[in-house]
Amino acid sequence: MAQRTEPAGLKLRLAAAQRLKAVLAGEHFAPLGPTELADGRDRALANRLITTALRRQGQINAMLADLLEKGMPAKSGTFEAVLRLSLAQLVFLPDLGAHSALFLAVEAIKRDPKARHLSGLMNAVLRRAQANSARYGLMDEALLLPQTLALGWTAAYGPEAVLRFAEALVDGAPLDLTLRDEDADLVTALGGERLLADTVRLESRDRPVEALPGYDDGRWWVQDAASALPARLLGLPAGSAVLDLCAAPGGKTAQLIKAGYKVTALDSDGSRLERLNANMARLGYAPRVVEADAATFDPATPFDGVLLDAPCSATGTFRRHPEVLWSRSAGDIAGRVRLQRALLANAYRCLVPNGTLIYCVCSLEAAEGEDQVAWALDALPGLTLSPVKSAELPGLDGAVTPKGFVRTHPAITPGEGNAGMDGFFVARFRRTG
Ligand SMILES: C[S@@+](CC[C@H](N)C(=O)[O-])C[C@H]1O[C@@H](n2cnc3c(N)ncnc32)[C@H](O)[C@@H]1O
């Protein structure tokens, strides 16, 4: 019997729909890799569809409200994910053609027993979307960011900055690397620009990270320019004992080792520590690694310095993880705030008198940043603020606040670059008591 051939492009759409469905259900976004889609071009196209659907989620929500009079059908398998991918293609990726968006969407849900009864609806909705695509393409940019977050950010960072956040959400982030050793030839081979200290920025990426020069011999690691700031602010003499609480996958651990500290890297997540171990092996670094709860860890000997890169809402990473914008509730943030306080209290207990504590989060929310400093100064009387001075971070105008915190976000452009950086908050404390 002759085998029915699969329409071209269907496989990648099915893989993209499964990944988007998982992210809409709350999973962290990770691009499809070679095990999920072996063909590099298919993979690139599938990832482009998913990231466009995620970056434009706010605008696509508005289109769905316009197109689905009865709302999203319940328990309908991949229907919603396939529909969102097709709307992303129709409206924002016109170079991919409208025909495949419609045809492959219907074919994709015909293969899903939970969605196949909706193929007529899919067809009708996408035809209506196609007729309206010019109007949808001009949708208000204000829809890109969830309203509650945008209101809070406007109050904190100003309306101009929030407009830039929306642009950064659509544009995505450049790739920033931290160099293990000074090497001007490597920077040239990477096609990168020096940014701040040992950060190199690659504005365009035509290859997977693993295929870039110097990856195999561990000559750099991936780290956003903002994420590289906290470890630089410890300022202790080489040889000091430093505890990296919440260390995995190890970007800051690597910086601390590079700075010459004796590093203990702690995390409570064994699988993330496996990634840290693999990263350290690639870089040729060998920290002491501890799997433990940072809220209760009780070291035999206290540390000269502690870096606490606390788990947080991660709203500052929305350029690479647009899903964080839509998956974080006020309740999630309150839970993180409680955990951060428990971790801060124990970080303080792990320090020698006169030791230095760096607290940082990749969040744009004051509740996880500035407000936590106020709490710590009140609840942990042996802790005083050690304000960061602008001169400590040359090339980063506007990131050091009047109180001596570091506050970065996608509208702050480091060095000569024209793209911004992740949202990060950093405070430095000294233990006096
Ligand atoms: C923001 S990430 C750390 C990133 C890391 N510092 C880096 O630069 O690569 C937060 C980490 O906190 C860890 N974590 C969460 N709760 C923890 C706890 N109670 N004790 C220790 N680690 C925890 C998570 O497993 C996660 O690896």
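In this predicted model, cysteine 362 sits in the loop that joins strand E9 (351-361) to helix H16 (370-379). UniProt, in an unreviewed entry, places the feature "active site" at Cys362. Is cysteine 362 buried or exposed? Cysteine 362 has 26 other C-beta atoms within 10 Å. A residue counts as buried if 20 or more lie within that distance, so cysteine 362 is buried. Several contacts come from residues beyond its neighbours within four places in sequence. Among them are Ser227, Cys312, Ala314, Gly316 and Thr317. Asp422, Gly423 and Phe424 are also in contact with cysteine 362.

The same UniProt entry type, unreviewed, gives the feature "binding site". The positions listed there include Cys246, Ala247, Ala248, Pro249, Gly250, Gly251 and Lys252. Asp267, Asp293 and Asp309 are listed as well. Which residues come nearest to the ligand in the model? Of the 16 residues around the ligand, these are Cys246, Gly251, Ser268, Asp269 and Ala294. The shell is mixed in class: seven residues are nonpolar, three are polar and six are charged.

Cysteine 246 lies in the loop between strand E5 (241-245) and helix H12 (251-258). Cysteine 246 has 22 C-beta neighbours inside 10 Å and therefore counts as buried. With its neighbours within four places in sequence left aside, cysteine 246 is in contact with Asp267 and Ala294. Leu308, Asp309, Ala310 and Pro311 are also among its contacts.

Aspartate 309 belongs to strand E8, which covers residues 303-309. Around aspartate 309 there are 24 other C-beta atoms within 10 Å, so this residue is buried. Beyond four places in sequence, aspartate 309 is in contact with Pro230, Cys246, Lys252 and Cys360. Two of these names, Cys246 and Lys252, appear in the UniProt "binding site" list.

The largest nonpolar core has 84 residues. Inside this core, Leu245, Val306 and Leu308 have the most contacts. Strand E9 gives the most to the core, with six residues. A separate core holds 37 residues, including Ile60, Ala81, Leu83 and Leu85. What does leucine 308 touch beyond its neighbours within four places in sequence? Leucine 308 is in contact with Leu245, Cys246, Leu343, Leu344 and Ala347. The contacts of leucine 308 also include Leu357, Ile358 and Tyr359. Leucine 308 thus links the account of the core to that of cysteine 246, with which leucine 308 is in contact.

The protein chain is divided into domain 1 (10-139) and domain 2 (222-431). The centres of domain 1 and domain 2, taken over C-alpha atoms, are separated by 37 Å. How many residues of domain 1 are in contact with domain 2? Seven residues of domain 1 are in contact with five residues of domain 2. On the side of domain 1 that touches domain 2, three residues are nonpolar, three are polar and one is charged.

Glutamate 69 lies in the loop between helix H3 (57-67) and helix H4 (79-92). Is glutamate 69 buried or exposed? Only 12 or fewer C-beta atoms within 10 Å make a residue exposed. Glutamate 69 has 7 others within that distance, so glutamate 69 is exposed. Histidine 117 is 48 residues apart from glutamate 69 along the chain. The C-alpha atoms of these two residues are separated by 18 Å.

Notes
Residues numbered from 1 in each chain as written. Predicted model: local features only at pLDDT ≥ 70, side-chain atom pairs only at ≥ 80, totals over all residues. Near = placed C-beta within 6 Å. Nonpolar A, V, L, I, M, F, W, Y, C, P; charged D, E, K, R; others polar. UniProt positions renumbered as here; feature names shortened; annotations may be inferred. Helix = DSSP H or I, 4+ residues; strand = E, 2+ residues; numbered from the N terminus. Contact = placed C-beta atoms within 7 Å. Core = buried A, V, L, I, M, F, W, Y, C linked by C-beta atoms within 7 Å. Domains from an automatic or database assignment.
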